[in-house]
Amino acid sequence: MATFPSINPSFGFTKLNEPNVRVVKLGDGYQHRIILGLPDNQNGKKFQFEFKDIDESDSDTIETFLDERITDLASFDFQAPTESASKKYICLKWSKRVNYAGKATISATFEEVFEP
């Protein structure tokens with residue numbers, strides 16, 4: 001199991017909650033809601049992180065790590081700054097902006113996954 005490099009994201013990140021709920025709309029405004037999946041695993045989180053103005057070598061470390069996770073299709077362990085425990089994530093989307101010589105910003109979306 002891979003663990004994300006010990007490089008902390010900058011504050012100002014976004015945490016998205018996307019519960020796996022289906023809503024069936026019936027007549028006269030009635031509706032029925034259904035949770036899909038196990039109750040503990042149906043409310044995965046997504047984080048939109050930025051690693052702002054980090055050294056170019058740190059940005060290369062992050063990029064290499066994420067590239068390797070695409071190659072092996074594996075999740076990784078990461079503890080978000082506001083969370084109490086490490087969880088499993090995947091990252092399918094990231095970008096790198098070179099701000100000036102020697103400094104870069106990585107923007108990445110981490111999506112929580114549920115695996116044994």
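A residue counts as buried when its relative accessible area is under 20%. By that cut-off, 28% of the 116 residues of the protein are buried. The model on screen is predicted.

**Whole chain**

Start with every residue selected and colour by secondary structure. The protein holds one helix and eight strands, and their order along the sequence is β-β-β-β-β-α-β-β-β. Turn the view along the principal axes: the C-alpha atoms fill a box of roughly 60 × 30 × 25 Å. The radius of gyration is 17 Å, whereas a compact globule of 116 residues would have one near 13 Å. A surface display covers about 7,400 Å² of exposed area, with carbon and sulfur atoms supplying 50% of it. If contacts are drawn between residues at least 6 apart in sequence, 64% of them join residues at least 24 apart.

**Helix α1**

Select residues 56-72, which make up α1. This helix has 17 residues and reaches 24 Å from its first C-alpha to its last, close to the 24 Å expected at 1.5 Å a residue. Now pick out Ser59, Ile62, Phe65, Leu66 and Arg69, which are buried in α1. They lie on the same side of α1, because they cover an arc of only 125° around the axis. The general background is that an α-helix has 3.6 residues a turn, so residues three or four places apart point the same way.

What do the buried residues of α1 pack against? Add the strands β1 (2-3), β5, β6, β7 (87-100) and β8 (103-112) to the selection; these are the elements they pack against.

**Arg69**

Stay in helix α1 and centre on Arg69. Its relative accessible area is 12%, and therefore Arg69 is buried. Show side chains here: a polar contact of 2.7 Å joins those of Arg69 and Asp72. With neighbours within four places in sequence left aside, Arg69 is in contact with Ala2, Ala74, Ser75 and Phe76.

**Asp67**

Next select Asp67, also placed in helix α1. Is Asp67 buried or partly exposed? Its relative accessibility is 42%, so Asp67 counts as partly exposed. For a distance across the model, draw a line from the C-alpha of Asp67 to that of Pro19: the two are 48 residues apart along the chain and separated by 28 Å.

**Leu73 and Asp53**

Step to Leu73, in the loop between α1 (56-72) and β6 (76-78). Just after α1, this residue takes a positive phi of about 55°, although Leu73 is not a glycine. Leu73 counts as exposed because its relative accessibility is 74%.

A second residue of this kind is Asp53, which has a positive phi of about 50° and is not a glycine either. Asp53 sits in strand β5 (residues 45-55). At 39% relative accessibility, Asp53 counts as partly exposed.

**Ser10**

Keep β5 in view and select Ser10, in the loop between β1 and β2 (14-17). What does the side chain of Ser10 reach? It reaches the backbone nitrogen of Lys52, at 3.0 Å. Not counting residues up to four places away in sequence, Ser10 touches Glu50, Phe51 and Lys52.

**The loop between β4 and β5**

Two residues are worth selecting in this loop. Asn41 is found in the loop between β4 (31-35) and β5. Asn41 is partly exposed, with a relative accessible area of 33%. Label Glu115 as well: Asn41 and Glu115 are 74 residues apart in sequence and 9.5 Å apart in space, C-alpha to C-alpha.

Then move to Gly44, which also has its place in the loop between β4 and β5. Gly44 counts as buried because its relative accessibility is 15%. Which residues does Gly44 touch, not counting residues up to four places away in sequence? Select Leu16, Asn17, Glu18, Glu112 and Phe114 to see those contacts of Gly44.

To return to the helix, draw a line between the C-alpha atoms of Gly44 and Ile70: they are 26 residues apart along the chain and separated by 20 Å.

Key
Residues numbered from 1 in each chain as written. Predicted model: local features only at pLDDT ≥ 70, side-chain atom pairs only at ≥ 80, totals over all residues. Heavy atoms only, no water. Helix = DSSP H or I, 4+ residues; strand = E, 2+ residues; numbered from the N terminus. Buried < 20%, exposed > 50% of the residue type's maximum accessible area, 1.4 Å probe, protein only. Expected span 1.5 Å × (residues − 1). Arc of directions from axis to C-beta. Contact = heavy atoms within 4.5 Å. Polar contact = N/O pair within 3.5 Å; in protein donor to acceptor, adjacent residues only side chain to side chain. Rg over C-alpha atoms; globule rule 2.2 N^0.38 Å. Areas by Shrake-Rupley, 256 points an atom, 1.4 Å probe, with all protein chains shown as cover.
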